[in-house]
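Here are some notes on the charged side chains, set out as numbered points for reading beside the model.

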Amino acid sequence: MLDSIRYGKNITIMKPTVKILFWNVSKATRLVEDILEELQHDVESVLLITACDREFEVDVNGELIFSKKLLDRHGNDGEIIKLIKDKM
C-alpha cells in the first residue's frame, strides 16, 4: 500500500519507493542506513534485490538514478542520497 499525504481534495503526494540492486552487502547496508537516517519519513519503502556480476544500481519509483556499471565507478559519499532527494 502506498503511503500518501492528502492536501485538500485534489492533491496527493506519494512517497517514493527506493530499489537497490546490489552485489556487495556492506555497501547496500550502508546505503539503507543512510536512507533510514535521512529520509525514513519521506520514503514509502526500500527494496533490496541481490544481483550478480558486481552490479550496484539504485532506482526511485522505477527510474534509474545510479548505476555503477554505466558510470564505471562507485557512488561518492552522499551522492546517492542527494540523487534520491532530487527525485522526491
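The points below deal with salt bridges, a charged patch and a lysine in a loop.

1. Since this is a predicted model, the distances and accessibilities that follow are computed values. The structure holds 5 salt bridges, and three of them are taken up here, including one between E38 and K85, whose closest N and O atoms lie 3.1 Å apart. This pair links distant parts of the chain, as E38 belongs to helix α1 and K85 to helix α3 (residues 79-87), with their positions 47 residues apart. E38 is partly exposed, at a relative accessible area of 40%, and K85 is likewise partly exposed, at 41%.

2. In a further salt bridge, R73 meets E79 with an N to O distance of 2.8 Å. R73 counts as partly exposed because its relative accessibility is 31%, whereas E79, at 18%, counts as buried, the cut-off for buried being under 20%.

3. Within helix α3, D86 and K82 are 4 residues apart, which means that about one helical turn separates them; their salt bridge has its closest N and O atoms at 3.0 Å.

4. Which residues form the negative surface patch? The patch consists of E33, D34, E37 and D77. Of these, E37 is found in helix α1, which covers residues 25-39, and its relative accessibility of 66% makes it exposed.

5. K15 sits in the loop between β2 (11-14) and β3 (17-22), and with a relative accessibility of 16% it counts as buried. The side chain of K15 reaches the backbone oxygen of H41, at a distance of 2.9 Å.

Technical notes. Residues numbered from 1 in each chain as written. Predicted model: local features only at pLDDT ≥ 70, side-chain atom pairs only at ≥ 80, totals over all residues. Heavy atoms only, no water. Patch = residues over 30% accessible without salt bridge, like charges linked within 9 Å, V, L, I, M, F, W, Y side chains within 5 Å. Areas by Shrake-Rupley, 256 points an atom, 1.4 Å probe, with all protein chains shown as cover. Salt bridge = Lys/Arg side-chain N within 4 Å of Asp/Glu carboxyl O. Lys, Arg positive; Asp, Glu negative; His and termini not counted. Charge placed at Lys NZ, Arg CZ, Asp CG, Glu CD. Helix = DSSP H or I, 4+ residues; strand = E, 2+ residues; numbered from the N terminus. Buried < 20%, exposed > 50% of the residue type's maximum accessible area, 1.4 Å probe, protein only. Polar contact = N/O pair within 3.5 Å; in protein donor to acceptor, adjacent residues only side chain to side chain.
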